[in-house]
Amino acid sequence: MNIRKLHTDEHPPIDLLVLADPSESLVEEYLHRGECFVAESDQKIIGVYVLLPTRPETVELVNIAVIEPMQNQGIGKRLVIHAMQTAKSRGFKTMEVGTGNSSIGQLALYQKCGFRMTGIDSNFFVKHYAEEIFENGIQCRDMVRLAKEF
Ligand code: COA
């Protein structure tokens, strides 16, 4: 598997990006403002993430996703580690990420990569998404914010 920056003349893998965030307009905005990276295996894109500068020295990891048949094989963790190395090499000092209160696997992944919880954006998903979201039998209401300092 190889992780590389998406070339400027390439189409971003929208189907994969919307796995992490169903709002296509938000995904388009992130692509416009951030840098997109893809994981490839046998010339097929199997993973993606976007680095979004938010404040001086702070970058947010958004839209990280792995194709469904290849989830739970360590690719997500490799993408997070690659994102942290890339952000550090660009001079960022802090990486932030946000996920749902019901996203148990994602909360595990980020904490296993050294992220600590910094806050809760209460009712974020209730306010910003038209449909109710359920995962792991839990309603997704709040956004859990996490951060890692380099
Ligand atoms: N309890 C404990 N640990 C869990 C867990 C759970 N329920 N679910 C996952 N993990 C752990 C794994 O054990 C692994 O840790 P380890 O390496 O110490 O064993 C770690 O989380 C990462 O697993 P990995 O196989 O690298 O994850 P992945 O390749 O499936 O990628 C996602 C993770 C989130 C990118 C992937 O599942 C995905 O694309 N989901 C849909 C899109 C999405 O939700 N994106 C994130 C938006 S916030």
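His32 sits in helix H2, which covers residues 24–33. In this predicted model, His32 is exposed, because its relative accessible area is 71% and the threshold for exposed is over 50%. Leu52 lies 20 residues from His32 along the chain. In space, the C-alpha atoms of His32 and Leu52 are separated by 9.4 Å.

Now turn to helix H1. Ile14 belongs to this helix, which spans 14–20. Ile14 has a relative accessible area of 18%. The cut-off for buried is under 20%, so Ile14 counts as buried. Take Cys36 as a reference point. Ile14 and Cys36 are 22 residues apart along the chain, and 11 Å separates their C-alpha atoms.

Helix H1 also leads to the ligand. At least two residues of the ligand shell come from H1 (14–20). The same holds for strand E4 (58–66), helix H3 (75–89), strand E5 (94–100) and helix H4 (104–112), each with at least two. Which of them gives the largest share? Helix H4 does, with seven residues of the shell.

How many residues surround the ligand? The count is 21. The closest are Ile64, Asn72, Gly74, Gly76 and Gln106. Sorted by class, the shell holds 10 nonpolar residues, nine polar ones and two charged ones. The ligand takes up the space of the largest pocket.

Next, look at the oxygen atoms of the ligand. Val66 places a backbone N or O atom 2.8 Å from a ligand oxygen. Lys77 also has a backbone N or O atom at 2.8 Å from an oxygen atom of the ligand. With Gln106, the side chain takes part: one of its N or O atoms is 2.7 Å from a ligand oxygen. What share of the ligand's accessible area does the protein cover? On its own, the ligand has 960 Å² of accessible area, and the protein covers 70% of it.

Two of the shell elements deserve a further look. Start with helix H3, where Val80 is found. Is Val80 buried or exposed? Val80 is buried, since its relative accessible area is 0%, and buried means under 20%. Asp42 is 38 residues from Val80 in sequence. From C-alpha to C-alpha, Val80 and Asp42 are 21 Å apart.

Then take strand E4, which contains Asn63. Its backbone has a positive phi of about 55 degrees, although Asn63 is not a glycine. Asn63 is buried as well, because a relative accessible area of 7% falls under 20%.

Asn123 makes a useful companion to Asn63. Asn123 too has a positive phi without being a glycine, here about 65 degrees. Where is Asn123 placed? Asn123 lies in the loop between strand E6 (116–121) and helix H5 (124–128). Asn123 is partly exposed, because its relative accessible area of 33% lies between the 20% and 50% limits. So one asparagine with positive phi is buried in a strand, at 7%, while the other is partly exposed in a loop, at 33%.

The last stop is strand E8, made up of residues 138–139. Gln139 is found there. Its relative accessible area is 14%, so Gln139 is buried by the under 20% cut-off. Which residue does the side chain of Gln139 contact? A polar contact of 2.9 Å links it to the side chain of Arg141.

Methods
Residues numbered from 1 in each chain as written. Predicted model: local features only at pLDDT ≥ 70, side-chain atom pairs only at ≥ 80, totals over all residues. Heavy atoms only, no water. Near = heavy atom within 4 Å. Polar contact = N/O pair within 3.5 Å; in protein donor to acceptor, adjacent residues only side chain to side chain. Areas by Shrake-Rupley, 256 points an atom, 1.4 Å probe, with all protein chains shown as cover. 1 Å grid on protein atoms, 1.4 Å probe; cavity = no way out; pocket = protein on both sides within 12 Å on 5 of 7 lines; lining within 4 Å. Sits in = over half its atoms within 2 Å of the grid points. Helix = DSSP H or I, 4+ residues; strand = E, 2+ residues; numbered from the N terminus. Nonpolar A, V, L, I, M, F, W, Y, C, P; charged D, E, K, R; others polar. Buried < 20%, exposed > 50% of the residue type's maximum accessible area, 1.4 Å probe, protein only.
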